[in-house]
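User: Could you take a close look at one loop residue for me, the one with the odd backbone angle and plenty of solvent around its side? I'd like to see how that spot sits against the rest of the fold.

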Amino acid sequence: MIFLEAIILAAGYSSRFPEYKLVQKINNKTLLEHTIHQMSDFVTNIYVVTGHHHERIESILSQYRQVKCIYNDEFDNGMFSSVKKGVSCVNESFFLIPGDCPFVSKATYKLLLESNGDILIPSYQMHGGHPIKISITHKKALINSKLSNLREFLDLYNKTYITVSDPWILEDIDDKETFNRIKGRLENENNRSY
């Protein structure tokens with residue numbers, strides 16, 4: 001099997017959440033750990049780009065041998081600065097995903113892994129989601145980009161949308177209400193496999 005690397009974006013303040021959301025737990029794992037667990041079979045290295053809560057995240061993730069925490073000292077400049085920081089670390093094509101998209105199915109990762117294209121985006125009911133799979137051929141251009149965000153960068157290139165039957169690609173946990181809804185649903189389901 002071909003393996004990729006992965007970048008998880010975890011540098012923000014999570015300002016719409018009363019506590020730091022990425023370390024909130026569902027089924028005894030933090031959201032960040034769920035994100036790692038779902039992708040871990042399909043990647044070699046996982047780079048978690050941190051900022052505001054670097055020490056806290058590093059402590060939680062120290063048990064994961066695949067994971068390297070990368071501090072972005074420019075995280076106040078926005079998410080694209082964290083994308084660039086993560087991309088500077090990779091040496092292979094990679095998945096890119098925010099840390100608050102924790103329940104993307106393993107089947108989605110596998111399908112993206114086995115699909116060809118320089119930029120692959122999973123699509124559920126005609127809506128693109130996460131993770132994005134990006135070819136290593138874009139590394140230099142990404143790092144050197146003067147654009148203000150990732151969307152503008154991706155719009156410069158051909159993208160391939162891969163249809164998946166996985167609504168979790170669209171589910172990012174931005175607020176406490178969403179967290180509580182998902183937590184209640186998952187903790188009431190027995191023997192769930194994502």
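Analyst: Sure, let's start with Gln125: its relative accessibility is 58%, so it counts as exposed, the cut-off being over 50%. Keep in mind that this is a predicted model. Gln125 sits in the loop between strand S7 (119-124) and S8, and its phi is positive, about 50°, although the residue is not a glycine.

Asn27 makes a good partner for it. Here too phi is positive, near 50°, in a residue other than glycine, and the setting is again a loop, between strand S2 (25-26) and strand S3 (29-30). Asn27 has 35% relative accessibility, so it counts as partly exposed.

Follow the chain past Gln125 and you come to another backbone feature: the peptide bond from His130 to Pro131 is cis, with omega near 5°. Pro131 belongs to the loop between strand S8 (127-128) and strand S9 (132-134). Pro131 is also one of the residues touched by Phe95, whose contacts include Ile132 and Lys133 as well as Leu4, Ile7, Phe42 and Tyr109.

That takes us inside. Phe95 is among the residues with the most contacts within the largest nonpolar core, together with Ile46 and Val48; this core has 29 residues. Elements giving it two or more residues include strand S1 (4-10), helix H1 (31-39), strand S4 (43-50) and strand S6 (94-98). S1 provides the largest share, 4 residues. There is also a second, separate core of 19 residues, with Leu9, Val87, Leu96 and Ile134 among them. As background, nonpolar side chains in soluble globular proteins tend to be buried together.

H1 is the counterpoint to the exposed Gln125: 8 of its 9 residues are buried, so the helix is largely enclosed by the rest of the structure. Those buried residues aren't just nonpolar ones like Leu31, Leu32 and Ile36; Glu33, His34 and Gln38 are included too.

Zooming out, the protein chain has 7 helices and 10 strands, and 49% of its 194 residues count as buried. Its radius of gyration is 16 Å, which agrees with the value near 16 Å for a compact globule with 194 residues. Among contacts with a separation of 6 or more, 69% come from residues 24 or more positions apart. For the electrostatics, count 22 positive and 23 negative side chains, with the centres of the two sets 3 Å apart.

Terms used
Residues numbered from 1 in each chain as written. Predicted model: local features only at pLDDT ≥ 70, side-chain atom pairs only at ≥ 80, totals over all residues. Heavy atoms only, no water. Rg over C-alpha atoms; globule rule 2.2 N^0.38 Å. Buried < 20%, exposed > 50% of the residue type's maximum accessible area, 1.4 Å probe, protein only. Contact = heavy atoms within 4.5 Å. Lys, Arg positive; Asp, Glu negative; His and termini not counted. Charge placed at Lys NZ, Arg CZ, Asp CG, Glu CD. Core = buried A, V, L, I, M, F, W, Y, C linked by side-chain atoms within 4.5 Å. Lists of a residue's contacts leave out its neighbours within four places in sequence.
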